Amino acid sequence: MTSAVEVRRSARRSRTVSAYREGERTIVLIPARMSEAEEQRWVGLMLDKLAAQENRRVIGDSALAERAERLSVQYFDGRARPASVRWVTNQNTRWGSCTPAEGSIRLSHRLQGMPEYVVDYVLLHELAHLLVPGHGPRFWRLLEAYPRTERARGYLEGVVAADRLPSLPPARDE
């Protein structure tokens, strides 16, 4: 899950507590006046809340295969028919891969928890490879049918760029 929790106190924050993931860290934002005991309680609550949200977003292999089938019908008239669609944990430089000869599609576990339109784009990208190998003009014309292609590609490019940013020391309230 995450390797570190960073608590950021703010004098401007009066009552609300929020949390989000930032790479391998979880950032918890709390009011500056909060006691250590309250901080610990809220950190635990927010970690549980984030974990529950992420677990709801992760779909299993069978649901992923059903999703691929629906997308194929919707965007490719059902012509892309994968033999298998599954999550894998050994793809750290690719978002997905396809072996057309076997009809197998694999999506990186790193996509889990990303917006649905991003996962759908990667699924469609791999489904398109069942119809057209390579990334030529015919391949990209297939993907033009999906209205969120550019947005999803931009999202993924942003994730890659964020991973390459240098780590900065935590900000200090002065």
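The expected span of a helix is 1.5 Å times one less than its number of residues. Keep that in mind for this tour, along with how elements are named here: helices (H or I, at least four residues) and strands (E, at least two) are DSSP runs, numbered from the N terminus.

Before you click anything: this is a predicted model, where local features need pLDDT of at least 70 and side-chain atom pairs count only at pLDDT 80 or more, while totals for chains, interfaces and linings use all residues. Residues are numbered from 1 along each chain as its sequence is written, and side-chain values use heavy atoms, with hydrogens and water left out.

**Stop 1: helix 5**

Select residues 149-164, which make up helix 5. From first C-alpha to last, the 16 residues of helix 5 reach 23 Å, close to the 22 Å expected at 1.5 Å a residue. Now colour T149, A152 and L156, which are buried in helix 5 (buried is under 20% relative accessible area, exposed over 50%, partly exposed in between, with a 1.4 Å probe and protein chains only). Look down the axis of helix 5: the buried residues fall within an arc of 75°, so they line one face of the helix. That arc is taken over the directions from the helix axis to the C-beta atoms. Turn to the other side of helix 5 and you find E150 and E157 exposed. What covers the buried residues of helix 5? Helix 3 and helix 4 (137-143) are included in that cover.

**Stop 2: where helix 3 crosses helix 5**

Add residues 116-131, helix 3, to your selection. Helix 3 and helix 5 pack at an angle of about 100°, with their axes 9 Å apart. Axes here are lines fitted to C-alpha atoms, for helices over the stretch in contact, and angles run from 0 to 180 degrees between N-to-C directions. Helix 3 and helix 5 are therefore roughly perpendicular to each other; angles of 65 to 115 degrees get that label, under 35 is roughly parallel, over 145 roughly antiparallel, and the rest oblique.

Show side chains at the crossing. From helix 3 come Y117, V118, Y121 and V122, and they meet T149, R151, A152, R153, Y155 and L156 of helix 5 (contact means heavy atoms within 4.5 Å). The residues of this contact divide into seven nonpolar, one polar and two charged. For that split, Ala, Val, Leu, Ile, Met, Phe, Trp, Tyr, Cys and Pro count as nonpolar, Asp, Glu, Lys and Arg as charged, and the others, Gly among them, as polar.

Stay on helix 3 for a moment. Its 16 residues reach 23 Å from first C-alpha to last, close to the 22 Å expected at 1.5 Å a residue. How many residues of helix 3 are buried? The count is 13 of the 16, so helix 3 is largely enclosed by the rest of the structure.

**Stop 3: helix 2**

Next, pick residues 61-76, helix 2. Helix 2 has 16 residues and reaches 21 Å between its first and last C-alpha, close to the 22 Å expected at 1.5 Å a residue. Its buried residues are L64, R67, A68, L71, S72, Y75 and F76. They cover an arc of only 140° around the axis, which puts them on the same side of helix 2. They pack against strand 4 (84-88), strand 6 (104-108), helix 3 and helix 4. Flip to the face turned away from there, and the exposed residues are S62, E69, R70, V73 and Q74.

A63 also sits in helix 2 and counts as partly exposed at 29% relative accessibility. Draw a distance from A63 to R86: their C-alpha atoms are 9.3 Å apart, with their positions 23 residues apart along the chain.

Step just past helix 2 to D77, in the loop between helix 2 and strand 4. D77 has a positive phi of about 55° although it is not a glycine. D77 is also exposed, with a relative accessible area of 67%.

**Stop 4: R110, Y20 and A11**

Jump to R110, in the loop between strand 6 and helix 3. R110 counts as partly exposed at 24% relative accessibility. Leaving out residues up to four places away in sequence, R110 touches Q91, N92, T93, R94 and W95.

Then go to Y20 in strand 2 (residues 18-22), partly exposed at 30% relative accessibility. With residues up to four places away in sequence not counted, Y20 touches R8, R25, T26, I27, L29 and L50.

Finish at A11, in the loop between strand 1 (4-10) and strand 2. A11 is exposed, with a relative accessible area of 73%. A last distance to draw is A11 to R164: their C-alpha atoms are separated by 31 Å.
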